[in-house]
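Have a look at the model below before reading on. The notes after it go from the overall fold to a few residues worth clicking on.

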Amino acid sequence: MDREAFNVFCATFPAAEHVVQWGNSDVWKAGGKLFAVCGWADGRDAFTFKAGDIAFEVLQERPGFRPAPYLASRGMKWLQQFDDDGLTDTELKDQITLSYQMVTAKLSKKKRAELGIPDPQPAER
């Protein structure tokens, strides 16, 4: 995935807001809460997203991944794919979708309704 495809994809989420900050990074938020970032790592696009507990442990061991600079150092479970050896575009989109869902699930029901964000789906058992 390149930066343009990342931005097009992130724009599809309800109430997604785009800002450019942190040294020309494309930052995506919903309800004021960060869910994805595309910045630079060694001159290449690097994609950062919130991860669940298991994904955080498993993916950081794969080539092309690391705990996200700044975010993970604060104890948060954020990953950065910094190399093409990471996920396929489909897998990366799935992780960004999960990041969006985790972030927006923490918004109040009232806030989600105001923004047109669907209520979180119960986890499958």
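## Ground rules and overall fold

Helices and strands here are DSSP runs numbered from the N terminus, with at least four residues for a helix (H or I) and at least two for a strand (E). Keep in mind that this is a predicted model. With that in hand, the protein comes out with four helices and six strands. Their order along the sequence is α-β-β-β-β-α-β-β-α-α. The radius of gyration is 14 Å, close to the 14 Å that the globule rule gives for 125 residues, so the protein is as compact as a globular protein of that length.

A few more global numbers for your notebook. The C-alpha trace spans about 40 × 35 × 30 Å along its principal axes. Of the 125 residues, 38% are buried. If you take the contacts with a separation of 6 or more, 44% of them link residues 24 or more positions apart. The protein exposes about 7400 Å², and 51% of that comes from carbon and sulfur atoms.

## Helix α1 and its two faces

Helix α1 runs over residues 3-10, and its buried residues are Arg3, Phe6, Asn7, Phe9 and Cys10. They cover an arc of only 165 degrees around the axis, so they sit on the same side of α1. On the face turned away from that buried side you'll find the exposed residues Glu4 and Val8.

What covers the buried residues of α1? The cover includes strands β1 (16-21), β2, β3 (33-41) and β4 (44-50), along with helix α3 (89-105). Now zoom in on the start of α1: a side-chain oxygen of Asp2 comes to within 3.3 Å of the backbone nitrogen of Glu4.

## Arg3 and its charged partners

Side chains of opposite charge can pair when their charged atoms come close. The structure holds six salt bridges. In one of them Arg3 pairs with Asp26, with the closest N and O atoms 2.7 Å apart. Because Arg3 lies in helix α1 and Asp26 in strand β2, this pair ties together parts that are 23 residues apart in sequence. Both Arg3 and Asp26 are buried; for Arg3, the relative accessibility is 14%, and the buried label applies under 20%.

Arg3 also forms a salt bridge with Asp45, at 3.5 Å from N to O. Here the partner Asp45 lies in strand β4 while Arg3 is in helix α1, so the pair ties together parts 42 residues apart in sequence. Elsewhere, the side chains of Arg112 and Asp119 meet in a salt bridge at 3.3 Å, N to O. Arg112 counts as buried at 7% relative accessibility, whereas Asp119 is partly exposed at 37%. Back at α1, salt bridges with shared partners join Arg3, Asp26 and Asp45 into one network.

## Ser25 and Val37, touching across β2 and β3

Ser25 belongs to strand β2, which covers residues 25-30. Is Ser25 buried or exposed? Ser25 is buried, with a relative accessible area of 8%. Leaving out residues up to four places away in sequence, Ser25 touches Arg3, Val19, Val20, Val37, Cys38 and Gly39. So the list brings back Arg3, the helix residue from the salt-bridge network.

Val37 is in strand β3 and counts as buried at 7% relative accessibility. Beyond its neighbours within four places in sequence, Val37 contacts Phe6, Trp22, Ser25, Asp26, Val27, Ala46, Phe47 and Thr48. Phe6 in that list is one of the buried residues of α1. The C-alpha atoms of Val37 and Phe49 are separated by 6.7 Å, with their positions 12 residues apart along the chain.

## Ala15, out in a loop

Where does Ala15 sit? Ala15 is in the loop between α1 and β1, and at 26% relative accessibility it counts as partly exposed. Not counting residues up to four places away in sequence, Ala15 touches Lys29, Ala30, Gly31, Leu115 and Ile117. Ala15 and Arg112 are 97 residues apart in sequence, yet their C-alpha atoms are 9.0 Å apart in space.

Methods
Residues are numbered from 1 along each chain as its sequence is written. This is a predicted model: local features need pLDDT of at least 70, side-chain atom pairs count only at pLDDT 80 or more; totals for chains, interfaces and linings use all residues. Side-chain values use heavy atoms; hydrogens and water are left out. Buried means under 20% relative accessible area, exposed over 50%, partly exposed in between (1.4 Å probe, protein chains only). Contact means heavy atoms within 4.5 Å. The arc is that of the directions from the helix axis to the C-beta atoms. A polar contact is a pair of N or O atoms within 3.5 Å; within protein, one must be able to donate a hydrogen and the other to accept it, and residues adjacent in sequence count only if both atoms are side-chain atoms. A salt bridge is a side-chain nitrogen of Lys or Arg within 4 Å of a carboxyl oxygen of Asp or Glu. The radius of gyration is taken over C-alpha atoms; the globule rule is 2.2 Å times the number of residues to the power 0.38. Accessible areas come from the Shrake-Rupley method with a 1.4 Å probe; for residues, only the protein chains shown count as cover.
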